[in-house]
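Q: Please explain how the features of a structural model are to be read, one after another.

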Amino acid sequence: MKLLLVTAASKEMMAIRKSRVIGFQQCTMPYLAALTPPGWDIEHVDEVVENIDYTKYYDLVSITFHTPSAKHAYDIATKFRKNGITVVMGGPHVTLMPEEAEKYADVIFVGESEITWPQFIHDFERKQYKSKYVCTIPPELNGIPMSRKDLFHRKDHSNGIMFATRGCPNKCEFCAISIMYKNKLRKRPVEEAAKEYAFFKGKIIIFWDDNISADAEYAKELFRAITPYKKWWSSQASINAGKDDEFLKLASKSGCKQLFLGIESISQSSLNSANKSFNKVEDYYEIIKKIHSYGISVQAGVVFGFDEDGKDIFKKTLDFLEKSGVQNATFNILTPYPGTPLFKRLEAERRILTYDWSKYNARTDVVFTPRNMTCEELIQGFNWANKRFYSLKSITKRLSKSAAGLYWTLPLNLMYHHYLKSNKY
Ligand code: SF4
């Protein structure tokens, strides 16, 4: 039987991803392939680097996608279904909007697939499958197979994408992760995660974890286990991990070169209103300094547009990032993904401006009415922040604060500088 796995990305999202210079490839489909029983002939198309060939025959097509690529994914599904091919869909948007997605697919998957995918394949082989497979209890991650490495097609800066944990126990108002994974943190057994880490031939590994520090003791055990392999790695972590010397020491020793920290805002009232009061702005400066002291660079995740954000938030944020010497930053426009508490609140307040999911990209559009600025001011502030952060003056200021990772953060900053000089984002 022939199975096509599609990691869908609309043209607009591909343009936005390109603007990030570094964009991590997704690992969902290579893991899903590994959960498929032997006997299936599997292809994977990652639309960021390949086109779908609609003239080929498949018994089954499975599509995963995020909210901004939803319409595009539905178009893919429609084309295959017109050719009589069974189409199944899953992933973040389907989990958040199942009633919408089921109009475009023969089968949908709500939630995680470790249990439901093998069940469906068993049913499909017997031509007795259901139209909806729902994961009611987030699965434990013991014994899951390693991803199919041959199905990663992008030759980008990283040679390995994997995960050790999934989910996050926190409940930030804007976060889709907490809804999709029901606030349940799960961990792969350390030896299994370390085995997959060692299996990658390349030097650089990205842990696609939502928050690798969510269980600090687990993380420390993992870092001890991967140290002998002498690779370099990066992951997302809570900023509070930067208070833990042992965590940082073991992370650094095991090859951590950068932590992506969801600082979100330098306004404590914005954090409080987003149910992220566990981030303490007053601690940010010292935490970043401490992380740098272990030779680990910092990528800050920043969101603009919270209700408490005034028009001065952009300048204040950039002043802080320059003072603290943050090496890299990802700026986002606050975006209420469907299904999140933020979306529900803004909808109740009649502040949702559009249900065109392609605009839910956090980079080029504002999809709700901000409280203390106009939509145009929010977009302009976002664009200004990007340009200032990657201006030569800011790069010099920031990178002179710490030598952590200078050999690669400097070239990367310069690449962003040149990109932003000639492009919109
Ligand atoms: S800490 Fe991060 S991953 Fe966890 S709920 Fe908040 S935004 Fe989401």
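Q: How many residues of each class form the shell around the ligand?
A: The classes are defined by residue type: Ala, Val, Leu, Ile, Met, Phe, Trp, Tyr, Cys and Pro count as nonpolar, Asp, Glu, Lys and Arg as charged, and the others, Gly among them, as polar. Here the shell has five nonpolar residues, one polar and one charged. The ligand is surrounded by C168, N170, C172, F174, C175, K276 and F278, where a residue is near if one of its heavy atoms lies within 4 Å. The model is predicted, with pLDDT of at least 70 needed for local features and 80 or more for side-chain atom pairs, while totals for chains, interfaces and linings use all residues. Numbering starts from 1 along each chain as its sequence is written, and side-chain values use heavy atoms, without hydrogens and water.

Q: Which residues touch the most other members of the largest nonpolar core?
A: A nonpolar core is a set of buried (under 20% relative accessible area, 1.4 Å probe, protein chains only) Ala, Val, Leu, Ile, Met, Phe, Trp, Tyr and Cys residues joined through side-chain atoms within 4.5 Å. In the largest, of 104 residues, they are I63, W233, I263 and F331. Helix 3 (residues 70-82) supplies the largest share of this core, six residues.

Q: How is the packing of two helices described?
A: One gives the angle between their axes and the distance between the axes. For helix 9 (residues 216-226) and helix 10 (residues 245-253), the angle is about 25° and the axes are 9 Å apart. Helix 9 is therefore roughly parallel to helix 10, a term for angles under 35 degrees.

Methods: Buried means under 20% relative accessible area, exposed over 50%, partly exposed in between (1.4 Å probe, protein chains only). Helices (H or I, at least four residues) and strands (E, at least two) are DSSP runs, numbered from the N terminus. Axes are lines fitted to C-alpha atoms, for helices over the stretch in contact, and angles run from 0 to 180 degrees between N-to-C directions. Angles under 35 degrees count as roughly parallel, over 145 as roughly antiparallel, 65 to 115 as roughly perpendicular and the rest as oblique.
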